[in-house]
Amino acid sequence: MARLVALCKRRGFVFQSSEIYGGLRSCWDYGPLGVELKRNVKDAWWRSIVRARPDVVGIDCSILMHPKVWETSGHVEGFNDPMVDCKLCKARFRADTLETQQCPKKPSLRPGECEGELTEPRQFNLMFRTHMGPVEDEGSVVYLRPETAQGIFVNFKNVLDTSRLRPPFGIAQQGKSFRNEIVTENFIFRSREFEQMEMEFFVPPEEADRWFAYWRQARFDWFKDLGISEENLRLRDHGEDELAHYSKACTDIEYKFPFGWKELEGIANRTDFDLRRHSEASGKDLRYFDDQTGQRYFPYVIEPALGTDRACLVFLCEALQEDEVGGEKRTVMRFHPALAPIKVGIFPLVKKGGLPEIAQRVRKELQEEFAVFYDEKGAIGRRYRRQDECGTPYCVTVDFDTKEDDTVTVRERDTLEQVRVPIADLRHWFRERIPS
Ligand code: GAP
């Protein structure tokens with residue numbers, strides 16, 4: 001992890017938030033390469049979940065919602081972690097994971113193993129509260145949403161009434177969520193401000209088991225298709241005792257992070273809990289009327305819920321590799337071409353003899369379609385190494401032969417193979433190898 005965090009900072013993937021002021025714990029900023037990676041991850045998810053399917057549509061809800069949403073969903077009452085405080089150092093710990101935490105004063109000890117005594121566990125709500133309007137009283141309390149899912153449930157009827165969809169169908173959303181986590185850990189794995197990509201798939205109750213099995217596999221395959229090796233991925237079904245009270249089944253897709261197997265995405269059968277509760281609390285009938293059978297019912301919901309930042313961390317962990325080129329160690333980020341922040345590096349071999357002008361022409365031609373990076377400074381080998389660390393799958397070099405035959409060298413990041421390609425064919429050549 002230390003190597004990955006250092007590379008992320010060095011190459012501009014992820015920075016500590018407010019770093020010049022000493023940083024804000026558990027908040028992170030994406031730099032120029034990180035923001036491209038994250039955008040590509042979100043686009044890949046949106047394409048596979050929404051665009052490529054006739055039965056899923058998207059939505060984009062506000063972060064602040066009516067406080068009743070969170071009362072009804074159970075988050076005001078029940079979105080708690082049991083906490084203990086150390087009476088000596090005043091640090092706060094999650095009571096259920098003490099064995100994985102450290103005393104901040106004596107990191108070799110677990111909480112409570114120092115001279116400090118721990119308080120009795122108390123419940124601590126994970127939602128951030130703020131106030132809407134100028135008066136800060138109980139009547140103006142609103143919450144920063146802790147999940148994107150509830151925005152989908154409360155818009156279920158709006159979407160149903162304005163589209164021609166009927167169950168089974170899904171509503172997807174991407175966006176920020178906020179949780180005042182007690183323990184934040186492992187870089188962007190768990191933070192207090194993060195993004196989620198969630199989809200609520202509404203189905204006739206008798207079809208729920210079948211759709212749960214479908215999405216469980218589809219989501220697993222999505223990671224494999226984007227280059228995550230199967231030995232680093234596994235499906236873990238929740239036992240009865242782990243299931244939330246509203247959930248009939250739940251499976252985590254887990255990834256083998258450098259700090260162990262951890263949850264990456266959850267797929268849950270949430271039954272009709274949410275629609276039923278919002279229907280009762282709002283007084284609006286959220287049942288679906290099936291005009292073919294004459295039945296009115298609350299659809300069951302199958303929910304794949306993924307953290308965008310956690311997905312980015314998985315793609316970063318999986319990409320980071322070291323190998324040897326010409327007897328020298330090389331750090332290379334082997335991103336799937338669809339996710340790579342930069343698709344093509346473009347270099348003139350030297351900064352003279354008309355080569356930069358040709359390379360700039362190539363840049364103009366390619367940048368209409370691909371994220372490219374132009375670089376004319378330094379030895380060519382170092383420019384290649386730099387792009388290897390950024391995860392750029394292809395580099396184009398313009399040399400003196402280019403002036404003769406209008407071809408360039410294309411170097412492939414993983415195989416190091418070099419081929420000559422006519423400039424006129426470049427766009428098509430990359431189109432065949434880089435999925436958009
Ligand atoms: N609507 C269901 C829901 O939110 P969750 O398991 O609490 O379920 C879904 O969250 C996903 O969101 C997790 O699998 C994880 O990828 C991501 N996630 C949750 N809390 C997070 C945090 N504090 N930081 C980063 N990602 C988080």
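A charge is said to sit over an aromatic ring if NZ of Lys or CZ of Arg is within 6 Å of the ring centre and within 35 degrees of the ring normal. With that in mind, and remembering that what we have in front of us is a predicted model, I would like to start with arginine 310, whose charged end sits over the ring of phenylalanine 189, 3.8 Å from its centre. There is another arrangement of this kind at tryptophan 429, where the charged end of arginine 433 sits over the ring at 3.7 Å from the centre.

Let me step back to the chain as a whole. The chain has 436 residues, of which 50% count as buried, and it contains 13 helices and 23 strands. Taken along the principal axes, its C-alpha atoms fill a box of roughly 75 × 70 × 50 Å. If we consider contacts between residues at least 6 apart in sequence, 64% of them join residues that are at least 24 apart. The chain exposes about 21500 Å², and carbon and sulfur atoms supply 48% of that area. As for charge, there are 66 positive and 73 negative side chains, and the centres of these two sets lie 4 Å apart.

I turn now to the aromatic rings. In general, a pair of aromatic rings is described by the distance of the centres and the angle of the planes. This structure holds 25 aromatic pairs, and one of them is formed by phenylalanine 156 and phenylalanine 169, which are stacked, with 6.1 Å from centre to centre and 15° between the planes. Which parts of the chain does this pair tie together? Phenylalanine 156 lies in helix H6, residues 156-162, and phenylalanine 169 lies in strand S9, residues 169-178, so the pair ties together parts that are 13 residues apart in sequence. Are these two rings buried or exposed? Phenylalanine 156 has a relative accessible area of 1% and is therefore buried, and phenylalanine 169, at 0%, is buried as well.

Phenylalanine 156 also pairs with phenylalanine 202, and here the arrangement is tilted, with 4.6 Å between the centres and 45° between the planes. This pair links distant parts of the chain, since phenylalanine 156 is in helix H6 while phenylalanine 202 is in strand S10, residues 193-203, 46 residues apart. Phenylalanine 202 is buried, just as phenylalanine 156 is. Taken together, ring pairs link Phe153, Phe156, Phe169 and Phe202 into a cluster.

Staying with strand S10, we also find methionine 199 there. Because its relative accessibility is 0%, and buried means under 20%, methionine 199 counts as buried. Leaving aside neighbours within four places in sequence, methionine 199 is in contact with a set of residues that includes Trp45, Ile49, Val56, Gly170, Ile171, Trp215 and Pro304. By contrast with those contacts, I would mention threonine 130, which is 69 residues from methionine 199 along the chain, and whose C-alpha atom is separated from that of methionine 199 by 27 Å.

My last residue is aspartate 85, which lies in strand S4, residues 80-85. Why does aspartate 85 count as buried? Its relative accessible area is 13%, and the cut-off for buried is under 20%, so aspartate 85 falls on the buried side. Again leaving aside neighbours within four places in sequence, aspartate 85 is in contact with Ala91, Arg92, Glu117, Leu118, Thr119 and Arg122.

Definitions and conventions. Residues numbered from 1 in each chain as written. Predicted model: local features only at pLDDT ≥ 70, side-chain atom pairs only at ≥ 80, totals over all residues. Heavy atoms only, no water. Phe/Tyr/Trp six-rings, centres within 6.5 Å; stacked < 30°, edge-to-face > 60°. Helix = DSSP H or I, 4+ residues; strand = E, 2+ residues; numbered from the N terminus. Buried < 20%, exposed > 50% of the residue type's maximum accessible area, 1.4 Å probe, protein only. Contact = heavy atoms within 4.5 Å. Areas by Shrake-Rupley, 256 points an atom, 1.4 Å probe, with all protein chains shown as cover. Lys, Arg positive; Asp, Glu negative; His and termini not counted. Charge placed at Lys NZ, Arg CZ, Asp CG, Glu CD.
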